[in-house]
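Visitor: I'd like a close look at a single part of this structure, rather than a tour of the whole thing. Pick a spot where the packing is worth going through residue by residue, and take your time.

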Amino acid sequence: VPPGGVSTTAPKVVQVVHLSPAAAALMKDIQPHVVALQHGKAPTERVLAAKALAGGRHGSDDAVKTMIFQAAQHDSAAFVRAFCIDELSKLGYSDPAYLAYLHKACDDASADVKTAAKDALAKMTPKK
């Protein structure tokens with residue numbers, strides 16, 4: 001505060017978000033798994049987190065699928081990316097961005113990611 005006691009900076013605005021009881025329960029339930037998926041040191045820790053999210057009671061929630069999709073795109077370990085693709089395939093995830101990603105992932109440097117992407121696309125393509 002400058003001399004004279006009057007601050008010339010604007011006060012910080014804090015936005016308060018009110019969640020529905022269902023959304024609050026979702027966030028409470030998945031928070032530990034989300035942290036592990038995004039920040040787990042070992043790839044196996046991140047895979048277990050993805051498995052818990054996909055297989056848990058909130059696995060069908062779009063927010064959960066989106067978090068797993070983010071890991072499928074950006075995880076540093078190909079094993080984790082491939083696992084996330086498999087889990088999303090089991091969940092029937094069909095977001096257009098995910099479908100575009102699967103086509104791109106068919107050319108991934110990792111054989112595991114390529115196989116997972118091709119398998120996921122095959123499951124999503126109607127048989128004639």
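Guide: Two residues are in contact here when they have heavy atoms within 4.5 Å. With that settled, let's go to the stretch around helix 5, keeping in mind that this is a predicted model.

A quick bit of orientation. The protein has six helices and zero strands, so reading from the N terminus gives α-α-α-α-α-α. Of its 128 residues, 35% are buried. Take the contacts between residues at least 6 apart in sequence: 50% of them join residues at least 24 apart.

Start in the loop between helix 4 and helix 5, where Ser94 sits. Ser94 is partly exposed because its relative accessible area is 47%, which falls between the 20% limit for buried and the 50% limit for exposed. Setting aside residues up to four places away in sequence, Ser94 touches Leu99 and Met124. Ser94 also has Leu121 at 9.9 Å, C-alpha to C-alpha, with their positions 27 residues apart in sequence.

Follow that contact into helix 5, which is where Leu99 belongs. Leu99 has a relative accessibility of 28%, so Leu99 counts as partly exposed too. Beyond the neighbours within four places, the contacts of Leu99 are Ser94 and Met124. The C-alpha atoms of Leu99 and Met124 lie 9.2 Å apart, although the two residues are 25 apart along the chain.

That brings us to the pairing of helix 5 with helix 6. Their axes come within 8 Å and cross at roughly 135°. Angles of 65 to 115 degrees count as roughly perpendicular and those over 145 as roughly antiparallel, and the two helices are therefore oblique to each other. The crossing of helix 5 and helix 6 is left-handed. On the helix 5 side, Tyr98, Leu99, Tyr101, Leu102, His103 and Ala105 take part, and they meet Val113, Lys114, Ala117, Ala120, Leu121 and Met124 of helix 6. Sorted by class, this contact has 10 nonpolar residues, one polar and one charged.

Lys104, also in helix 5, makes a nice contrast with the buried residues coming up. Lys104 is exposed, because its relative accessible area is 61%. Its C-alpha is 8.6 Å from that of Ala117, 13 residues away along the chain.

Now for the other partner. Helix 4 (residues 78-91) packs with helix 5 (residues 96-105) at an angle of about 135°, and their axes are 12 Å apart. Helix 4 and helix 5 are therefore oblique as well, and their crossing is left-handed. Helix 4 brings Arg81, Ile85, Leu88 and Ser89 to the contact, while helix 5 brings Tyr98, Tyr101, Leu102 and Ala105. Those residues split into six nonpolar, one polar and one charged. Notice that Tyr98, Tyr101, Leu102 and Ala105 figure in the contacts of helix 5 with both helix 4 and helix 6.

Two helix 4 residues deserve a stop of their own. Ile85 is in contact with Tyr98, Tyr101, Leu102 and Ala105, and its list also holds Ala72, Val113, Ala116, Ala117 and Ala120, leaving aside neighbours within four places. Arg81, in helix 4, counts as buried, because 13% relative accessibility is under the 20% limit. Not counting residues up to four places away, the contacts of Arg81 include Tyr101 and Val113, along with Asp75 and Asp108.

What ties these pieces together? In soluble globular proteins, nonpolar side chains tend to be buried together. The largest nonpolar core in this model has 34 residues, and Ile85, Tyr98 and Tyr101 touch the most other members. Helix 1 (21-39), helix 2 (43-55), helix 3 (62-74), helix 4, helix 5 and helix 6 (111-124) each give two or more residues to this core. So the corner we've been walking around supplies the best-connected members, namely Ile85, Tyr98 and Tyr101.

How values were computed. Residues numbered from 1 in each chain as written. Predicted model: local features only at pLDDT ≥ 70, side-chain atom pairs only at ≥ 80, totals over all residues. Heavy atoms only, no water. Axes fitted to C-alpha atoms, helices over the stretch in contact; angles between N-to-C directions. Helix = DSSP H or I, 4+ residues; strand = E, 2+ residues; numbered from the N terminus. Parallel < 35°, antiparallel > 145°, perpendicular 65-115°, else oblique. Left-handed = near helix turned anticlockwise from the far one by under 90°. Nonpolar A, V, L, I, M, F, W, Y, C, P; charged D, E, K, R; others polar. Core = buried A, V, L, I, M, F, W, Y, C linked by side-chain atoms within 4.5 Å. Buried < 20%, exposed > 50% of the residue type's maximum accessible area, 1.4 Å probe, protein only.
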